[in-house]
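Okay, thanks for making time, everyone. I'll put the structure up and then walk through a few spots in it.

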Amino acid sequence: MAKANGDYDSALDETVEQSEQKLDIPQELPVLMLRDIVVFPYMVVPLFVGREKSMKAIDEALSRNRMILLVTQKKMEIEEPKREDVYSIGTVALIMRMLKLPDGRIRILAQGLVRAKIEELIEDQPFYSARISVLREPEEVDKTIEIEALIRNVREGLDKAASLGKNIPAEIMIIASNVEEPGRLADLAASTLDLKVPEAQEVLEIVDPVKRLRRVYELLIREVELLNVQSKISSEAKEELEKLQKQYFLRQQLKAIQRELGEGSELQEEIKLYQNKLKKLKVPQEVKEELEKQIKRLSQMHPESAETAVVRNYLDWMFSLPWNKSTVDNLDLAKAKAILDEDHYGLEKVKERIIEYLSVRKLSRRIKGPILCFVGPPGVGKTSLGRSIARALGRKFIRMSLGGIRDEAEIRGHRRTYVGAMPGRIIQGIRRCGSNNPVFMLDEADKVGADFRGDPSSALLEVLDPEQNHSFRDHYLGVPFDLSKVMFITTANLIDPIQPALRDRMEIIPIPGYTEEEKLQIALRHLIPKQIKEHSLNNDLICFSRAAVKKIISLYTREAGVRNLEREIAAICRKVARRVAEGKKGRVRVTAQNIEKFLGPPRIFRDQLLKKDKVGVTTGVAWTASGGDILFVEASKMKGKGKLLLTGSLGEVMKESAQAALSYARAHAEEFGIDPQLFSEYDFHIHIPEGAIPKDGPSAGVTIATSLISVCTERKVRWDVAMTGEITLRGNVLPVGGVKEKVLAAQRAGVKKMILPAANKKDLIDIPASVKRKMEFVFVEDIKSVFNEALVTPFQPQQKKRRKTGKSSSANLRQSISG
């Protein structure tokens, strides 16, 4: 129901009196719910009706005696009000006119008759109706001197409100001057005030006319006071505006006089300020000449021209850059090492590289800032490591995300000829930190885009080249800025998407996944204290056992980093925080026995290894963006014509490895005791589970070959052996990458023996000692050695050859046979 403006009409007064005398108000009437207006008796008001029940109530009233009860809702947003949502007292009104609008709503003109109280609201009909009792006022009121004075005060209040700017129609003022009944005057005055619904309803509910008039007079006095204050504020604002206009006019006259006399102005003062700054600034000669040129241009411009703002903005940028402001490096190696160890556990290669830089920096002041690239899966701490490095060096830290950048101007800036031109984000970051030697982190370097606006990767070549960035030229500045003192650190999840020329300019430092022991230490030293603090807990309220943390790592997260581990710890802290907030006391000890109470059943199953030897099922390992994972290669044979069927979303390289493995098996069938007719009478099906995930790469060659040979010879494959390596048609095993990630994935899954190419033996230096102690590593050069290590029953000719050449120890051989 839209709010309506009420009005009185003197011609209708008789109608109201006649209505009260002639019309017998029934005890039950249809009800129209109003949202934001209270209708008083004798008040004529237009109303807009849109609700279905309300329109049916109007139809019902028109079909009877045109009478309807108008009551107001307590809360206007309620669409289907109940008895408790409306006020008890309303106004019986007579519908004088009704008009249907094109948008489906109804417009009615209603005239208030008399107050009425709802005795019972009937809600189970198509429209609201109510049983009512009419609240009649005393027919005659003795006019005492007090009542007469009250009536005069109300009339004077209305006159004063009108004189102060209150919009009261002239006919209302005429009616007020002629009305002698206190009740009618009270209702008339109340309808002219901008009352809120609760205040208007309060007036409506006062049946006694004298009390009602006294209450309306109080509200009228408040309205007059508000109008007085409003008038005063408007007058003061007008005076202030006239004063400002006068000052502006005089100031413009003064400028014109100064211009004629050639005396100083605001622009001249600003130019002098720039010249003084230039004298104190220590910059290269090329920069100094450009600044002098721009200051001279500014002095020849009109102060109101658009070009003046452009030159001012350029000079402000130039003078705000830290051309020769540097922070002092912390050259205390022990302190720097302590800070790095305090913030991060492990990551020895990175820490060693930073300490080496500090060592050289301590001996020579001319060393250029290194350009490092941290490559690793999400959640291993690449970004936080950059912040820690800045703290260890005592430098400012800036972070800029390269993910999704497609415009070259984001790096090099816009030329000053463009509207709204600004320097690139490199110069913006340097200005923001106020130092020319910060640690500048460029996040997500592998996610840079390119389009018609240029290639940001190519623009980064100049930034990240130690031989060029001493004279980096931003398009907006137009002069070289020295970035050689900045330590640039980029991060990436994958190294391949980075442009080769850009990759060549950076020192790649791989940050692979953490072992379970490293995750345990990180959780105990960093994650748990951090989450306890963030959830406003303390060690007296919660504690974690080492066994519980190990169980979270092994059974609830499978990742290279620790991001999900931190989420699981946070989930436990939230449950404990709720327990504390509910008033429960006592310390909560999180153990391996009650961990499921907090996190539910395990999400990762360590027993995904088969736990028993099977024919045709081999365990392989794969490198992924999140670190590494194990995968199973399943092979089976069925009657057919020698076809090879490959399933599991395999890529082209993996399909070629499968074909090479089949060709090798056919070529050496007699050597392995395989009937050559097998390959023409049977079809072979190779499947790698989790078909929804695309898989590709050469490192599954030995795994596929082992599954094929196992199926062809009906020999079982050891369940606790994993392998990786590329196979050739001659049976040679070639080296692969990502050894550390693959070994860590195998160790997480519970693999006991790992078969690797002999050329990858050098990569064991990156494997943590704790992992080396738990696993046996076998290095092979040909596929036959793989078969003898992986199959439960080795091939006899291969055993003799190994004893003769001594390529594998007798201990390993006995272990293979006993398995």
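Let's start with strand 25, and with where its side chains go. Lys753, Ile755 and Pro757 point one way from the strand, while Met754 and Leu756 point the other way, and all of them are buried. As a general point, side chains in a regular strand alternate between the two faces of the sheet. And before I go further: this is a predicted model, so please keep that in mind throughout.

So how many residues of strand 25 are buried? Five of its five, which makes the strand, residues 753-757, mostly covered.

Now, who are its partners? On the one hand there's strand 22, residues 721-723, which runs parallel to strand 25 and is joined to it by three bridges. If you want a pair to click on, take Met723, whose bridge partner in strand 25 is Ile755. Then there's strand 26, residues 776-780, which pairs with strand 25 in the parallel sense over five bridges. Here the pair to look at is Pro757, which stands opposite Val780 in strand 26.

How do you get from strand 25 to strand 26? Follow helix 26, residues 769-774: strand 25, that helix and strand 26 make a β-α-β unit, and the unit is right-handed.

Okay, next stop, another sheet. This one is open, has five strands with parallel pairing, and its order is 8-9-12-7-13. Which strands stand at the edges? Those are strand 8, at 397-401, and strand 13, at 507-510; each has a single partner strand, so each is left with one side that has no neighbour in the sheet. From one strand to the next, the twist averages 20°.

Let me take the two edges in turn. Strand 13 pairs with strand 7, residues 371-375, in the parallel sense, and there are four bridges between them. One of the pairings to find on screen is Val375, with Pro510 as its bridge partner in strand 13.

At the other edge, strand 8 runs parallel to strand 9, and five bridges join the two. Phe397 is the residue to find here, standing opposite Val439 in strand 9.

Which residues of strand 8 make up the covered face, and which the uncovered one? Ile398 and Met400 are on the covered face, and Phe397, Arg399 and Ser401 are on the uncovered one. While you're there, look for helix 15, residues 425-433: it lies across strand 8 and strand 9 (439-443), and it runs at about 155° to strand 8.

A quick word on cysteines. A disulfide is a covalent bond between the sulfur atoms of two cysteines. How many disulfides are there here, if we ask for sulfur atoms within 2.5 Å? Zero. Two cysteines to look at anyway: Cys433 is buried, at a relative accessible area of 11%, and Cys712 is buried too, at 9%.

Now over to helix 5, residues 182-192, where we find Asp187. Is Asp187 buried or exposed? Its relative accessible area is 0%, so Asp187 counts as buried. Its side chain makes a polar contact of 3.1 Å with the side chain of Arg212.

Arg184 is in helix 5 as well, and Arg184 is buried, with a relative accessible area of 11%. For a sense of distance, take Arg184 and Ser536: they're 352 residues apart in sequence, and 63 Å apart in space from C-alpha to C-alpha.

One loop residue I'd like you to see is Ser545, sitting between strand 14 (542-544) and helix 19 (546-555). Ser545 has a relative accessibility of 10%, so it counts as buried. What does it touch? Leaving aside residues up to four places away in sequence, Ser545 touches Arg589, Val590, Thr591 and Ala592.

Last up, two residues with a positive phi that aren't glycines. For Arg66, phi is near 65°. You'll find Arg66 in the loop between helix 2 (52-63) and strand 3 (67-72), and with a relative accessible area of 34% it's partly exposed. For Glu714, phi is about 60°, and that residue is in the loop between helix 24 (701-713) and strand 21 (716-717).

That's my tour. Happy to go back to any of these on screen.

Key: Residues numbered from 1 in each chain as written. Predicted model: local features only at pLDDT ≥ 70, side-chain atom pairs only at ≥ 80, totals over all residues. Heavy atoms only, no water. Buried < 20%, exposed > 50% of the residue type's maximum accessible area, 1.4 Å probe, protein only. Polar contact = N/O pair within 3.5 Å; in protein donor to acceptor, adjacent residues only side chain to side chain. Pairing = 2+ DSSP bridges. Axes fitted to C-alpha atoms, helices over the stretch in contact; angles between N-to-C directions. Contact = heavy atoms within 4.5 Å. Disulfide = S-S within 2.5 Å. Right-handed = clockwise from strand over helix to strand, strands pointing away.
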